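Trainee: Could we go through this structure together? I'd like to learn how the descriptive words are earned.
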Amino acid sequence: MKRRVIVSVLLILCLLSGCGSMLLSEEEKTVSLFAMDTHMTMTAYGNQAEEALDSAKGCIEELEKALSVTDENSEIYRVNHSKGSPVTVGDDTKEVTEFALIMAECTNGAFNPAIYPLLTAWGFTTGNYHVPSQQQIEQLLELTDYNQIVLTGNEITIPPEMQLDLGAVGKGYASDRAAETLKNQGVTSAIINLGGNVRTIGAKPDGTPWRVGVKAPDEDGHIGILEVSDCAVITSGGYQKYFTDETGTRYHHIIDPQTGKPAERGIVSATVVGKEGKMCDALSTALFIMGVEKAAEFWREYRDFEMVLITDNNEIYITEGLEDSFSLQEEYSLYTLMVLGP
Ligand code: AMP
Ligand code: MG
């Protein structure tokens, strides 16, 4: 009897002092993997975390197998080597392709899933970097008409010389699928980081928002912090992959489908915040290419996402929905912060 009273008193004290929450749950589990050319980390909380993370990891690995442009056994590889014949693909590849075509249409071709031959010409697929001739660029641009991609049910048909690359949307899509897997297994608090493509589930276990850094271009630090819950935060940056020629000119991996060259409309990084990873991923690439003015126009038209644009003349544009959640880090106060409104 006496022992039961002591145990009860201890339990009450424990709950009052806050260690109750520790007793009741929140185990932190992390899993890391290398996939889609990126180091990925996923952290989840709760009793189901470990099993759920294993499933999410499996899901990403499956997606990579389907979407890889270089793996000879992938579905996209088969499409790219189909010589014009229809190829039957799984539901994920179908869904990503369908979505990529929608995004190509609504960004007026800034996002172009058929840009791969250009990427190869610049050497980004092999690491064999060089600046292609204007003539070569013009010839290759002829192969990038995404309107010629035909998707019927689960069957994709592309012209013989065309090649698809879903790299600008694949990680965002993977983050959605991973988040879905975690949620289906009961996880209510998690953060998925697929190499700068972040997807959060719920808030942190203590109820406060997640703090996601917006990377400073060409430096290790974060230029600003976004406080967010239950959303995706995805960045496209020219600093992420590039080479420099003998004159010191830099060429990055985000190709402007109008010129066939690395986009140069003044943006050094574009971060998109929204509900869906796939949407944020496709948009971050497209907005980077558009430049600030067109990106702002685009945002005003759609308004179902928020963005942070960093320019090459030390300006940061955030959309008004982020005013309360974005904080510029002190050491970057030389940047001018501007808010985009209606
Ligand atoms: P992200 O980091 O999401 O901006 O994706 C960049 C990757 O998307 C590049 O490495 C290419 O594989 C691909 N890419 C480059 N330019 C484009 C473009 N205009 N539209 C779609 N994908 C692109
Ligand atoms: Mg992208």
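Trainee: Where is the place of Thr 144?

Mentor: This is a predicted model, and in it Thr 144 sits in the loop between helix 7 (134-141) and strand 4 (150-152).

Trainee: How do you know whether Thr 144 counts as buried or exposed?

Mentor: Look at its relative accessibility, which is 7%. Buried means under 20%, so Thr 144 counts as buried. Leaving aside neighbours within four places in sequence, Thr 144 is in contact with Asn 112, Ala 114, Ile 115, Leu 118 and Met 162.

Trainee: And Gly 153, what makes it partly exposed?

Mentor: Gly 153 has a relative accessible area of 45%. Partly exposed runs between the 20% and 50% cut-offs, so that label fits Gly 153. You'll find Gly 153 in the loop between strand 4 and strand 5 (155-157).

Trainee: How far apart are the C-alpha atoms of Gly 153 and Thr 88?

Mentor: They are separated by 8.7 Å, with the two positions 65 residues apart along the chain.

Trainee: Why is Ser 327 called partly exposed?

Mentor: Its relative accessibility is 33%. Set that against the limits of 20% and 50%, and Ser 327 counts as partly exposed. Ser 327 belongs to strand 18 (residues 326-328). Not counting residues up to four places away in sequence, Ser 327 touches Ile 223, Gly 224 and Ile 225.

Trainee: On to the cysteines. How many disulfides does a search of the whole structure find?

Mentor: The search turns up 0 disulfides.

Trainee: How do you know that Cys 106 is too far for a bond?

Mentor: The closest cysteine sulfur, in Cys 280, is 13 Å from that of Cys 106. A disulfide needs the sulfur atoms within 2.5 Å, so 13 Å is too far for a bond. Cys 106 itself counts as partly exposed, at 26% relative accessibility.

Trainee: What about Cys 231, how far away is its nearest cysteine sulfur?

Mentor: That sulfur, again of Cys 280, is 7.4 Å away, and Cys 231 is in no disulfide. With a relative accessible area of 6%, Cys 231 is buried.

Trainee: Now the helices. What describes two packed helices?

Mentor: You give the angle between their axes and the distance between the axes.

Trainee: So what makes helix 5 oblique to helix 9?

Mentor: Helix 5 (residues 91-106) and helix 9 (residues 277-290) pack at about 45°, with axes 11 Å apart. Roughly parallel would need under 35 degrees, and roughly perpendicular starts at 65. An angle of about 45° is in neither range, so helix 5 is oblique to helix 9. The contact uses Glu 95, Phe 99 and Met 103 from helix 5, with Lys 278, Met 279, Ala 282 and Leu 283 from helix 9. By class, those residues are 5 nonpolar, no polar and 2 charged.

Trainee: Why are helix 8 and helix 9 called roughly antiparallel?

Mentor: Helix 8 (residues 167-184) packs against helix 9 at an angle of about 155°, with the axes 7 Å apart. Over 145 degrees counts as roughly antiparallel, so these two helices earn the term. Helix 8 passes helix 9 in a right-handed crossing. Among the contact residues are Gly 167 and Tyr 173 of helix 8, plus Asp 281 and Thr 285 of helix 9.

Trainee: How many residues of each class are in that contact of helix 8 with helix 9?

Mentor: There are 4 nonpolar, 6 polar and 4 charged residues.

Methods. Residues are numbered from 1 along each chain as its sequence is written. Chains are lettered from A and ligands numbered from 1 in the order in which they are written. This is a predicted model: local features need pLDDT of at least 70, side-chain atom pairs count only at pLDDT 80 or more; totals for chains, interfaces and linings use all residues. Side-chain values use heavy atoms; hydrogens and water are left out. Axes are lines fitted to C-alpha atoms, for helices over the stretch in contact, and angles run from 0 to 180 degrees between N-to-C directions. Helices (H or I, at least four residues) and strands (E, at least two) are DSSP runs, numbered from the N terminus. Angles under 35 degrees count as roughly parallel, over 145 as roughly antiparallel, 65 to 115 as roughly perpendicular and the rest as oblique. Contact means heavy atoms within 4.5 Å. Ala, Val, Leu, Ile, Met, Phe, Trp, Tyr, Cys and Pro count as nonpolar, Asp, Glu, Lys and Arg as charged, and the others, Gly among them, as polar. Buried means under 20% relative accessible area, exposed over 50%, partly exposed in between (1.4 Å probe, protein chains only). A crossing is left-handed if the near helix is turned anticlockwise from the far one by less than a right angle, and right-handed if clockwise.
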